[in-house]
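Work through the exercises below with the sequence and the model side by side, trying each task before reading its solution.

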Amino acid sequence: MNKITLSVLASSLVACGLNPQAEQIQESGLTALSAQPISVLPLSDPNNESQWIYNTEVSDEFESASLDEDRWYIVGKFEDGKPVYKHPDKPNKKVWKGRAPSQFSGRNYRLEDGKLILETRWEPDFPFYGEIHKPVFGDALPYENLTTACIIGRRDFKYGYIEIKSKAADAEVSSAFWSMGKKLEVDFFELFGDHRGENKDHIDRQLWWSIRDWSKAVKGKPTYTEYKDLGFRVADDFHVYGIEWDEDGFKYYIDGKLLSDVPAAKVDAFAKEHRGVDKGYVATKPLNLWLDQETFPWHGVPDSLEDLEKNSPEGKKEDGIVDFEIEYVRVWQKKPNIKAGAY
């Protein structure tokens with residue numbers, strides 16, 4: 001599916017009645033069509049029966065020559081030869097440096113052929129953070145050898161249809177698309193590109209998604225989680241992952257087809273059984289999008305350049321880089337959830 005932007009053509013589409021989304025935007029008076037990129041519609045709703053409106057503030061087609069830093073915060077940008085972890089909008093907030101042994105580096109991304117590419121690198125000489133901290137989940141490990149990328153959306157939104165077209169890195173690292181809000185985390189996917197070891201043959205075709213409550217009562221544990229066998233290796237090709245989110249729950253789509261329907265009541269039941277709380281559906285607050293890579297020590301960690309590059313194509317096994325490729329991130333919303341100036 002090709003990415004498209006239509007501006008001059010939008011008016012004629014409205015006149016012919018061929019683009020209901022463009023007509024909605026025109027009628028709303030939110031923006032001038034001459035400056036408005038009109039996206040393709042959700043793959044799961046090609047006729048726009050739900051009347052989605054494309055949110056240009058949080059979406060990105062990654063067609064520009066450089067990453068839009070008004071839209072995205074690049075974690076670990078270098079200053080004076082060292083990575084700096086300071087959020088431009090929340091300067092007093094502690095910024096996560098990544099899941100050890102990997103550490104986020106602001107150099108680990110590139111824009112290429114209309115895609116955002118996040119890189120995991122074998123980089124033993126990187127100026128790693130020296131202190132070892134016990135994470136909320138997992139073992140306390142030093143930062144060493146591996147650097148990864150993290151890009152965070154600077155603008156939030158509440159409810160809508162979220163879609164990403166991507167291909168996971170083919171290595172022992174995760175390729176993740178997730179989000180954070182106030183005491184809230186929604187992991188849209190954490191895809192582990194390559195499995196190693198016994199009884200892990202399913203890992204590289206598994207979708208893992210969850211809702212996490214970071215209140216004192218739950219402390220970041222999932223109030224709902226699912227593991228789904230997708231029937232394909234997540235690192236073999238691009239696929240479209242779509243998530244419909246509202247006050248009533250989530251619907252998850254793969255390549256335009258419904259995979260899972262999770263109403264809020266089902267989340268509450270899961271949370272009561274597994275966390276001992278009555279309210280599990282806490283996904284009712286604005287979210288900021290995250291794109292990153294992490295190491296998952298419980299699944300295995302690359303212990304050498306050769307190990308990291310095991311599945312890389314011939315000719316690219318020596319560069320010490322494996323890629324998580326993202327063709328686009330798109331968000332559509334409905335009129336009740338529109339922020340002024342966001343469209």
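**Contacts and cavities**

Among contacts in the protein (heavy atoms within 4.5 Å) between residues at least 6 apart in sequence, 68% join residues at least 24 apart. The model is predicted, with local features needing pLDDT of at least 70 and side-chain atom pairs counting only at pLDDT 80 or more, while totals for chains, interfaces and linings use all residues. Residues are numbered from 1 along each chain as its sequence is written, and side-chain values use heavy atoms, leaving out hydrogens and water.

**Exercise 1.** State which residues line the largest cavity, and which strand gives the most to this lining.

*Solution.* A cavity is a set of points on a 1 Å grid over the protein atoms alone where a 1.4 Å probe fits but cannot get out, and lining residues have an atom within 4 Å of a point. The largest cavity, with a volume of about 50 Å³, is lined by E190, L191, F192, I203, Q206, W208, F296 and H299. Strand 12 (184–192) and strand 13 (206–213) each supply at least two of these residues, and strand 12 gives the most, with 3.

**Exercise 2.** Set out the classes of residue in the lining of the second largest cavity.

*Solution.* The space in the second largest cavity comes to about 30 Å³, and the residues lining this cavity are E57, V58, R71, W72, G153, R154, R155 and L289. Sorted by class, the lining has 3 nonpolar, 1 polar and 4 charged residues, where Asp, Glu, Lys and Arg count as charged and Gly as polar. For the largest cavity, the corresponding classes are 5 nonpolar, 2 polar and 1 charged.

Note on methods
1 Å grid on protein atoms, 1.4 Å probe; cavity = no way out; pocket = protein on both sides within 12 Å on 5 of 7 lines; lining within 4 Å. Points joined across faces, edges and corners; volume = space filled by probe spheres on them. Helix = DSSP H or I, 4+ residues; strand = E, 2+ residues; numbered from the N terminus.
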